Amino acid sequence: MFKKIIYGLLFCLVSSGAHAGAVEKLKTFIASTRSAQADFTQDVLDQNGKRIQSASGVMQFQRPGKFRWTYQKPYEQIIVGDGEKFWLYDIDLNQVTVRKLDAALGSSPAALLSGSNDIERDFTLTESGSEDGLEWLQAVPKGSESSFEKIRMAFDENSSLALMELSDMYGHKTVLLFSAMQRNPKISEQQFQFTPPAGADVLGE
(Lines give C-alpha, C1' and ligand atoms only; values in the text may rest on other atoms or scores of the structure.)
Protein backbone atom coordinates (compact mmCIF):
# COMPACT_ATOMS: atom_id res chain seq x y z
CA MET A 1 0.00 0.00 0.00
CA PHE A 2 2.85 2.39 0.87
CA LYS A 3 4.37 2.02 -2.61
CA LYS A 4 0.98 2.68 -4.17
CA ILE A 5 0.73 5.90 -2.19
CA ILE A 6 4.25 6.89 -3.21
CA TYR A 7 3.38 6.53 -6.90
CA GLY A 8 0.72 9.17 -6.41
CA LEU A 9 2.67 11.62 -4.20
CA LEU A 10 5.46 13.18 -6.17
CA PHE A 11 5.79 16.95 -6.00
CA CYS A 12 3.85 20.17 -5.31
CA LEU A 13 4.44 23.88 -4.82
CA VAL A 14 2.12 26.71 -5.80
CA SER A 15 2.55 30.48 -5.79
CA SER A 16 0.66 33.14 -7.74
CA GLY A 17 -1.40 36.33 -7.41
CA ALA A 18 -2.85 36.97 -3.98
CA HIS A 19 -6.38 37.63 -5.24
CA ALA A 20 -6.64 34.78 -7.71
CA GLY A 21 -8.89 31.78 -7.06
CA ALA A 22 -7.39 28.37 -6.33
CA VAL A 23 -7.88 27.11 -9.89
CA GLU A 24 -6.22 30.20 -11.32
CA LYS A 25 -3.32 29.84 -8.87
CA LEU A 26 -2.74 26.29 -10.03
CA LYS A 27 -2.68 27.34 -13.69
CA THR A 28 -0.35 30.24 -12.92
CA PHE A 29 1.99 27.89 -11.08
CA ILE A 30 2.22 25.52 -14.02
CA ALA A 31 3.06 28.41 -16.33
CA SER A 32 5.62 30.14 -14.08
CA THR A 33 7.25 27.69 -11.65
CA ARG A 34 10.11 25.71 -13.14
CA SER A 35 11.51 24.21 -9.94
CA ALA A 36 10.73 23.96 -6.24
CA GLN A 37 11.94 22.51 -2.94
CA ALA A 38 10.10 21.95 0.34
CA ASP A 39 10.04 19.88 3.52
CA PHE A 40 6.99 17.65 3.93
CA THR A 41 5.18 15.46 6.40
CA GLN A 42 2.86 12.69 5.20
CA ASP A 43 0.10 10.98 7.18
CA VAL A 44 -2.17 8.18 5.98
CA LEU A 45 -5.58 7.96 7.65
CA ASP A 46 -7.99 5.02 7.58
CA GLN A 47 -11.75 5.17 6.96
CA ASN A 48 -12.31 6.32 10.55
CA GLY A 49 -9.70 9.07 10.41
CA LYS A 50 -7.17 7.07 12.47
CA ARG A 51 -3.54 7.62 11.49
CA ILE A 52 -2.00 4.37 10.26
CA GLN A 53 1.23 5.63 8.64
CA SER A 54 3.47 8.68 9.02
CA ALA A 55 6.54 9.83 7.14
CA SER A 56 8.58 12.96 6.51
CA GLY A 57 11.33 14.21 4.23
CA VAL A 58 12.30 16.65 1.50
CA MET A 59 10.89 17.01 -2.00
CA GLN A 60 12.41 18.70 -5.05
CA PHE A 61 11.21 19.02 -8.62
CA GLN A 62 12.12 20.58 -11.92
CA ARG A 63 9.61 20.82 -14.73
CA PRO A 64 8.98 19.07 -16.95
CA GLY A 65 8.91 15.63 -15.38
CA LYS A 66 11.92 15.62 -13.03
CA PHE A 67 11.60 15.18 -9.28
CA ARG A 68 13.19 13.75 -6.16
CA TRP A 69 11.42 12.81 -2.93
CA THR A 70 13.70 11.77 -0.05
CA TYR A 71 11.84 10.03 2.77
CA GLN A 72 13.91 10.32 5.95
CA LYS A 73 11.57 8.97 8.65
CA PRO A 74 10.51 6.36 9.64
CA TYR A 75 12.12 4.47 6.73
CA GLU A 76 14.66 5.80 4.28
CA GLN A 77 13.41 5.79 0.69
CA ILE A 78 14.37 7.79 -2.37
CA ILE A 79 12.06 8.47 -5.30
CA VAL A 80 13.51 9.93 -8.49
CA GLY A 81 11.91 10.87 -11.80
CA ASP A 82 14.55 11.59 -14.45
CA GLY A 83 12.12 12.63 -17.18
CA GLU A 84 11.86 9.13 -18.65
CA LYS A 85 11.90 6.65 -15.76
CA PHE A 86 10.53 6.46 -12.22
CA TRP A 87 12.93 5.05 -9.61
CA LEU A 88 11.97 3.96 -6.09
CA TYR A 89 14.87 2.92 -3.84
CA ASP A 90 14.09 1.27 -0.50
CA ILE A 91 17.35 1.64 1.41
CA ASP A 92 16.52 -0.84 4.20
CA LEU A 93 15.60 -3.57 1.70
CA ASN A 94 18.34 -2.52 -0.77
CA GLN A 95 15.66 -2.85 -3.45
CA VAL A 96 15.02 -0.65 -6.49
CA THR A 97 11.74 -0.51 -8.43
CA VAL A 98 11.89 1.10 -11.88
CA ARG A 99 9.02 1.91 -14.25
CA LYS A 100 8.40 4.11 -17.23
CA LEU A 101 7.59 7.56 -15.92
CA ASP A 102 4.25 7.90 -17.74
CA ALA A 103 3.07 4.51 -16.48
CA ALA A 104 4.07 5.33 -12.88
CA LEU A 105 2.34 8.70 -12.77
CA GLY A 106 -0.93 8.36 -14.64
CA SER A 107 -3.52 10.85 -13.41
CA SER A 108 -1.59 11.67 -10.26
CA PRO A 109 -0.68 14.93 -8.51
CA ALA A 110 2.58 14.87 -10.46
CA ALA A 111 0.70 14.63 -13.73
CA LEU A 112 -1.52 17.47 -12.57
CA LEU A 113 1.43 19.79 -11.93
CA SER A 114 4.36 18.65 -14.06
CA GLY A 115 2.90 18.06 -17.49
CA SER A 116 1.40 20.34 -20.10
CA ASN A 117 -0.61 23.45 -19.33
CA ASP A 118 -3.79 21.65 -20.42
CA ILE A 119 -4.50 20.26 -16.94
CA GLU A 120 -8.27 20.31 -17.46
CA ARG A 121 -7.83 17.63 -20.11
CA ASP A 122 -7.09 15.07 -17.36
CA PHE A 123 -8.74 16.63 -14.30
CA THR A 124 -12.02 18.29 -13.40
CA LEU A 125 -11.09 21.32 -11.29
CA THR A 126 -13.49 23.05 -8.89
CA GLU A 127 -13.18 25.68 -6.17
CA SER A 128 -13.94 24.25 -2.73
CA GLY A 129 -14.22 27.45 -0.72
CA SER A 130 -12.31 28.60 2.37
CA GLU A 131 -11.64 26.63 5.55
CA ASP A 132 -9.43 27.48 8.54
CA GLY A 133 -7.90 30.38 6.64
CA LEU A 134 -7.00 28.23 3.64
CA GLU A 135 -8.48 28.38 0.14
CA TRP A 136 -9.27 24.94 -1.32
CA LEU A 137 -9.25 23.43 -4.80
CA GLN A 138 -10.52 19.96 -5.75
CA ALA A 139 -9.13 17.98 -8.69
CA VAL A 140 -10.94 14.82 -9.83
CA PRO A 141 -9.13 12.60 -12.37
CA LYS A 142 -11.14 12.00 -15.54
CA GLY A 143 -9.36 8.72 -16.29
CA SER A 144 -9.85 5.41 -14.50
CA GLU A 145 -6.12 4.64 -14.12
CA SER A 146 -5.58 6.99 -11.16
CA SER A 147 -5.05 5.54 -7.67
CA PHE A 148 -7.03 8.43 -6.19
CA GLU A 149 -10.70 9.39 -6.45
CA LYS A 150 -10.03 13.04 -5.68
CA ILE A 151 -7.25 15.42 -4.69
CA ARG A 152 -7.80 18.51 -2.53
CA MET A 153 -5.23 21.30 -2.40
CA ALA A 154 -5.16 24.16 0.12
CA PHE A 155 -3.49 27.53 -0.44
CA ASP A 156 -2.40 29.82 2.40
CA GLU A 157 -2.58 33.61 2.67
CA ASN A 158 0.68 33.90 0.69
CA SER A 159 -0.88 31.96 -2.20
CA SER A 160 1.43 28.98 -1.68
CA LEU A 161 0.36 25.35 -1.54
CA ALA A 162 0.18 24.46 2.15
CA LEU A 163 -1.67 21.15 2.24
CA MET A 164 -2.85 18.29 0.06
CA GLU A 165 -5.44 15.60 0.79
CA LEU A 166 -5.62 12.55 -1.48
CA SER A 167 -8.58 10.18 -1.12
CA ASP A 168 -8.46 6.68 -2.60
CA MET A 169 -11.19 4.19 -3.48
CA TYR A 170 -10.72 2.30 -0.20
CA GLY A 171 -11.61 5.24 2.00
CA HIS A 172 -8.04 6.06 2.97
CA LYS A 173 -6.84 9.65 3.00
CA THR A 174 -3.23 10.76 2.56
CA VAL A 175 -2.41 14.19 3.97
CA LEU A 176 0.71 16.11 2.87
CA LEU A 177 1.80 19.20 4.77
CA PHE A 178 4.49 21.40 3.18
CA SER A 179 6.89 23.83 4.86
CA ALA A 180 10.09 25.82 4.16
CA MET A 181 9.09 26.17 0.52
CA GLN A 182 11.44 27.62 -2.08
CA ARG A 183 10.22 28.56 -5.54
CA ASN A 184 12.51 28.35 -8.58
CA PRO A 185 15.70 27.45 -6.67
CA LYS A 186 18.77 26.24 -8.53
CA ILE A 187 18.88 22.45 -8.16
CA SER A 188 21.73 20.28 -9.41
CA GLU A 189 20.81 17.99 -12.30
CA GLN A 190 22.41 15.15 -10.36
CA GLN A 191 19.47 15.25 -7.95
CA PHE A 192 17.26 14.00 -10.79
CA GLN A 193 19.52 11.15 -11.84
CA PHE A 194 19.62 7.69 -10.29
CA THR A 195 21.92 4.69 -10.64
CA PRO A 196 21.01 1.53 -8.69
CA PRO A 197 23.58 0.83 -5.97
CA ALA A 198 25.85 -2.17 -6.44
CA GLY A 199 24.18 -5.32 -5.13
CA ALA A 200 20.67 -3.89 -5.01
CA ASP A 201 17.75 -5.97 -6.29
CA VAL A 202 16.22 -4.20 -9.30
CA LEU A 203 12.55 -4.89 -10.08
CA GLY A 204 10.78 -3.78 -13.23
CA GLU A 205 12.25 -2.52 -16.48
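Colleague: In the hairpin of β7 and β8, which residue takes a positive phi?
Modeller: That is Asp132, whose phi is near 55 degrees, in a hairpin that has two residues between its strands. Strands here are DSSP runs of E with at least two residues, and helices are runs of H or I with at least four, both numbered from the N terminus. Please keep in mind that this is a predicted model, in which local features need pLDDT of at least 70 and side-chain atom pairs count only at pLDDT 80 or more, while totals for chains, interfaces and linings use all residues. Residues are numbered from 1 along each chain as its sequence is written, and side-chain values use heavy atoms, with hydrogens and water left out.

Colleague: How many bridges are there between β7 and β8, and in which sense do they pair?
Modeller: Strand β7 (residues 123-131) and strand β8 (residues 134-141) share eight bridges and run antiparallel, where pairing requires at least two DSSP bridges between the strands. Within that pair, Ser130 faces Glu135 of β8.

Colleague: And what order do the strands of the sheet come in?
Modeller: The open sheet has 12 strands with mixed pairing, in the order β7-β8-β9-β10-β11-β1-β2-β3-β4-β5-β6-β12. Because β7 and β12 (201-204) stand at the edges with a single partner strand each, one side of each has no neighbour in the sheet. Further along, β10 (residues 161-168) and β11 (residues 173-183) are antiparallel and joined by five bridges, and Leu166 has Thr174 of β11 as its bridge partner.

Colleague: Switching to β1, why does Gln42 count as buried?
Modeller: Gln42 counts as buried because its relative accessibility is 1%, the classes being buried under 20% relative accessible area, exposed over 50% and partly exposed in between, with a 1.4 Å probe and protein chains only. Gln42 sits in strand β1 (residues 35-45), and its side chain makes a polar contact of 2.6 Å with the side chain of Tyr71. A polar contact is a pair of N or O atoms within 3.5 Å; within protein, one must be able to donate a hydrogen and the other to accept it, and residues adjacent in sequence count only if both atoms are side-chain atoms. Val44, which also lies in strand β1, is likewise buried at 1% relative accessibility.

Colleague: What about Arg68, where is the nearest side chain of opposite charge?
Modeller: That side chain belongs to Glu76 and is 10 Å away, and Arg68 is buried without a salt bridge. For charges, Lys and Arg count as positive and Asp and Glu as negative, while His and the chain ends are not counted. Arg68 is in strand β3 (residues 66-73), and a polar atom of its side chain lies 3.0 Å from the backbone oxygen of Gln191.

Colleague: How many salt bridges does the count come to?
Modeller: The count is four, a salt bridge being a side-chain nitrogen of Lys or Arg within 4 Å of a carboxyl oxygen of Asp or Glu. One of them joins Lys66 to Glu189, with the closest N and O atoms 3.2 Å apart; Lys66 is in strand β3 and Glu189 in the loop between β11 and β12, 123 residues apart.

Colleague: Which residues are linked in a network of salt bridges?
Modeller: Those are Glu131, Arg152, Glu165 and Lys173. Arg152 meets Glu131 at 3.9 Å, N to O, while Glu165 and Lys173 have their closest N and O atoms 3.7 Å apart. Arg152 is buried at 15% relative accessibility, whereas Glu131 is partly exposed at 42%.
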